Amino acid sequence: DKMILNQYIKQEGISVSKFAKKCDIPLPTMSKYYYGEKIPRLVNMMKIYKATKKKVTANDFYGTK
């Protein structure tokens, strides 16, 4: 199942700020990912992938399956 970042964060009931801290990614950068303004580079993508227990993948950012 496809799970984009903002869906995951809403589903978990956490703030973007808290998720950014969990991933060790600056809040302004995480906000851009959250609103779809920027696609994470590999290092941050791996942090997000691990923090979401593999629910949010690189393909979710690129809109592919």
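## Overall dimensions

For a chain of 65 residues, a compact globule would be expected to have a radius of gyration near 11 Å, and the value for this protein is 10 Å, which agrees. The model is a predicted one. Along its principal axes, the C-alpha atoms occupy a box of roughly 30 × 25 × 20 Å.

Contacts between residues at least 6 apart in sequence include a share of 43% that join residues at least 24 apart.

## Secondary structure

The protein contains 5 helices and 0 strands. In sequence order the pattern is therefore written α-α-α-α-α, each helix being a DSSP run of at least four residues.

## The nonpolar core

The largest nonpolar core comprises 17 residues, of which Leu5, Phe19, Met30 and Ile48 touch the most other members. At least two residues of this core are supplied by each of helix H1 (5–12), helix H2 (16–23), helix H3 (27–34) and helix H4 (42–51). H2 provides the largest share, with 4 residues. In soluble globular proteins, nonpolar side chains tend to be buried together.

Leu5 illustrates how these contacts are distributed. When residues up to four places away in sequence are not counted, Leu5 touches Phe19, Met30, Tyr33, Tyr34, Ile48, Val56 and Phe61. Among these partners, Phe19, Met30 and Ile48 are, like Leu5 itself, residues that touch the most other members of the core.

## Surface and charge

Buried residues make up 34% of the 65 in the protein. The exposed area is about 4,500 Å², and carbon and sulfur atoms supply 53% of it.

The protein carries 14 positive and 5 negative charges. The mean positions of the two sets are 4 Å apart.

## Loop residues with positive phi

Two non-glycine residues with a positive phi deserve mention. Asp24 has a phi of about 60° although it is not a glycine. This residue, Asp24, is found in the loop between H2 and H3. Its relative accessibility is 60%, so Asp24 counts as exposed, the cut-off being over 50%.

Lys53 likewise is not a glycine, yet has a positive phi of about 55°. Lys53 is located in the loop between H4 and helix H5 (58–62). With a relative accessible area of 59%, Lys53 is exposed as well, because this value lies over the 50% cut-off.

Key. Residues numbered from 1 in each chain as written. Predicted model: local features only at pLDDT ≥ 70, side-chain atom pairs only at ≥ 80, totals over all residues. Heavy atoms only, no water. Core = buried A, V, L, I, M, F, W, Y, C linked by side-chain atoms within 4.5 Å. Buried < 20%, exposed > 50% of the residue type's maximum accessible area, 1.4 Å probe, protein only. Contact = heavy atoms within 4.5 Å. Rg over C-alpha atoms; globule rule 2.2 N^0.38 Å. Areas by Shrake-Rupley, 256 points an atom, 1.4 Å probe, with all protein chains shown as cover. Lys, Arg positive; Asp, Glu negative; His and termini not counted. Charge placed at Lys NZ, Arg CZ, Asp CG, Glu CD.
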